[in-house]
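Biologist: Got a minute to go through this one with me? Put it up and we'll talk it over.

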There are 2 protein chains.
Amino acid sequence: MNLKELAAHLGISQTTVSRALNGYPDVAEATRRQVLEAARRFNYRPNPAARRLATGRAGTVAILFPVERNLLVDPHFFELLAGLAEMIARTEMELSLRATPPREELETYRRLVNAGRVDGFVLSSPTLRDPRIAELTALGAPFVVHGRTQETLPYAYLDIDNEDAFARATALLLDLGHTDVALLNGDAALSFARDREQGYRAALAGRGLSPAPGRITNAPMTEEVGYRQARAMLDTAERPTAFLASSVLLALGVYRAARDLGLAVGRDVSVIAHDDALPFLKAETFDPPLATTLSPIRRAGYRIGEMLIERISGVDPKALRELWTVDLVFRASVAPPHGLRGGAPAARAAGGDAGARRPAR
Amino acid sequence: MNLKELAAHLGISQTTVSRALNGYPDVAEATRRQVLEAARRFNYRPNPAARRLATGRAGTVAILFPVERNLLVDPHFFELLAGLAEMIARTEMELSLRATPPREELETYRRLVNAGRVDGFVLSSPTLRDPRIAELTALGAPFVVHGRTQETLPYAYLDIDNEDAFARATALLLDLGHTDVALLNGDAALSFARDREQGYRAALAGRGLSPAPGRITNAPMTEEVGYRQARAMLDTAERPTAFLASSVLLALGVYRAARDLGLAVGRDVSVIAHDDALPFLKAETFDPPLATTLSPIRRAGYRIGEMLIERISGVDPKALRELWTVDLVFRASVAPPHGLRGGAPAARAAGGDAGARRPAR
DNA sequence: TTGCGCATCCAAAGCGCTTTGGGGAAGGCG
DNA sequence: CGCCTTCCCCAAAGCGCTTTGGATGCGCAA
């Protein structure tokens, strides 16, 4: 069933049927109702290829993901993708997933836009000065970023308040009496890692503290990395009494490292991780349950889909900026430093580690 | 730059340019070279929408994934997707990801095919009698299944030899002297779960054994589920001495359960899991390293992409069937049952559990 | 010379939709 | 009563490609 047939059935011109369907004003209400009714009855759906050709719009939004053989593809990415797909499925658009070698990423954007294959993009995991933003802006392609960057061009984004989240998490640990807190963070080039580090440093600075050397790490966020880094730090006399981790996967490794060394999480070592709500690994089922800064990344994907569609339909990018605050979920992985249970929050840390840290005030 | 302009530049007709580009025989070699050269020089790419409209082919392959809010989306699915995307990116086709409520899945296939939006599908996680196969066959839509079913219609598939893999894993445990082996499996409706159970049962039967009651579980494959199930089984006098798990995520839970109860994996309890090579959770970094039946699911996704493209171009489904054998990787999570270290393989299990099991022979 | 087959090429007709540029009828206004 | 709006509606022209159904010219056998 196509437009022509539908129009013939109704005894109206194709033009009018098309306009009725697309909500143009210059069609009588009675006619419009007739058309809509017939379209429903015959289960008519406009041919997307024809519409694309006629309008020049692709009816597609795309998300690129950079892959190299055997390289880690982040599960966080796929959670975002799941939310995005859920949103897009509610529309008439398609969601196109494109793998691209990292080297050719910008070139791929250019090709897709110039060929008119895509109406808009979602950018994930932005770096501090992400070249994709300038490129897509120059190409005139609508896009929404998951996260922010130092780019000064106006662009649409949805981000969580990473800085505030990690500042609060750090402050909680400090309030409990910790003074030596390690930060296991993601790749230093990524914006969220920078923001979290800033929050962490700000909270420390607020107490006149600063991180001991080697307390901040930047690496891919896997269980293995978390294990190795925590293990290295814990395996010395001057070990940190608490960890902040940018992912529950890292936290998983921290737990293993602590266990290896006979340390108990929630007593000898405190841990707080950022939780993107990966459905296959839940913080509440950790042993002991893992305290987190929580913000389901899938929900962000869904919302980003909505924003992208608005952006494509012409909404100004400056009007499409959202910063979500993050919940801090307290669980048993957090306690005062060993020997301080119930002690005054501002006292110095115990546990045989009297390092060169400045005292709390 | 479009066909018409390109043709004008060359002083040739659109028809000939089109035919030259598409490899038709009735164009002189000299002309074809000219056209190809010009196309390259002007960086000409045919407009996909126009081509779609003219040919009726969509230039798109799709994979559906069923989502319900807050429901687990399997990380295995995304690994498959990553491989598939990698393959499709090497072609001129698009990969469309469509979320769909499970109830409406068949309806969604129907819609996509009838609207001509999709040329072919990848089906993942087939059930024993998966209705999608009959539906898509009836619709005349090409597809490739990741896995097999009991369906008798001819269809293209790529599967790993789950039965053989789990038979071998089970046999290994039996050879070491285990007689009470539990199987933590996926949803019983899924084909791979059935196949693995068959392999497991066959290996037991080969020694005149059969699983003790309650030794087989079927549930979503998460850390939490693995924990609860292993914990329940281990927390009795008559506990199994070994576990077979259908996912490393389940195995993660088994490890935690064992630890909780003061049991050592690789001594008190042996564990073998199927490893799809999820990049963020590696069996070799488990503590102790986890023995596995290994088959990288991403590689399967890549190959399925190739097969689907062949299928779309008309290759008979009967010619597109692959069954991959699975590697069995021995690691420290496996040992003879406690008290039997170095003992005779066929002796009965020790550890206070002298259940109603039949003796090994 | 004529006729035929072959190798090349081309004009034009779609594919199914949107959009342009009116056109006719009804109603309001001077 | 004539003219101008306003409201609806429509024919037809694309969008950029593929494909059909010839047309042309040449070599070669009859």
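Modeller: Here we can go through the DNA side, a helix pair and the chain contact, keeping in mind that this is a predicted model.

Biologist: Okay, DNA first. Which residues come nearest to DNA strand C?

Modeller: There are 26 residues around that strand, and A:Asn2, A:Leu3, A:Ala54, B:Ser13 and B:Thr15 come nearest.

Biologist: And which helix gives the most to that surface?

Modeller: That's α4(A), with 5 residues. Elements supplying at least two residues each include α1 (3–10) and α2 (14–21) of chain A, and from chain B α2 (14–21) and α4 (48–55).

Biologist: How do the residues of that surface divide?

Modeller: Into 10 nonpolar, 12 polar and 4 charged.

Biologist: Switching topic: at what angle do α5 and α12 of chain B cross?

Modeller: Roughly 45 degrees, with the axes coming within 7 Å. Angles from 35 up to 65 degrees fall outside both the roughly parallel and roughly perpendicular ranges, so α5(B) and α12(B) count as oblique to each other.

Biologist: Left-handed or right-handed?

Modeller: The crossing of α5(B) and α12(B) is right-handed. Among the residues making the contact are B:Leu80, B:Leu84 and B:Met87 from α5(B), and B:Ile297, B:Tyr302 and B:Ile304 from α12(B). The contact residues divide into 10 nonpolar, 4 polar and 5 charged.

Biologist: Last thing, how many residues of chain A are in contact with chain B?

Modeller: 39 residues of chain A, against 39 of chain B. On the chain A side, β2(A) has the largest share, 7 residues. That side divides into 21 nonpolar, 6 polar and 12 charged.

Conventions. Residues are numbered from 1 along each chain as its sequence is written. Chains are lettered from A and ligands numbered from 1 in the order in which they are written. This is a predicted model: local features need pLDDT of at least 70, side-chain atom pairs count only at pLDDT 80 or more; totals for chains, interfaces and linings use all residues. A residue is near a molecule or strand if its C-beta atom, placed from the backbone, lies within 6 Å of it. Helices (H or I, at least four residues) and strands (E, at least two) are DSSP runs, numbered from the N terminus. Ala, Val, Leu, Ile, Met, Phe, Trp, Tyr, Cys and Pro count as nonpolar, Asp, Glu, Lys and Arg as charged, and the others, Gly among them, as polar. Axes are lines fitted to C-alpha atoms, for helices over the stretch in contact, and angles run from 0 to 180 degrees between N-to-C directions. Angles under 35 degrees count as roughly parallel, over 145 as roughly antiparallel, 65 to 115 as roughly perpendicular and the rest as oblique. A crossing is left-handed if the near helix is turned anticlockwise from the far one by less than a right angle, and right-handed if clockwise. Two residues are in contact if their C-beta atoms, placed from the backbone, lie within 7 Å.
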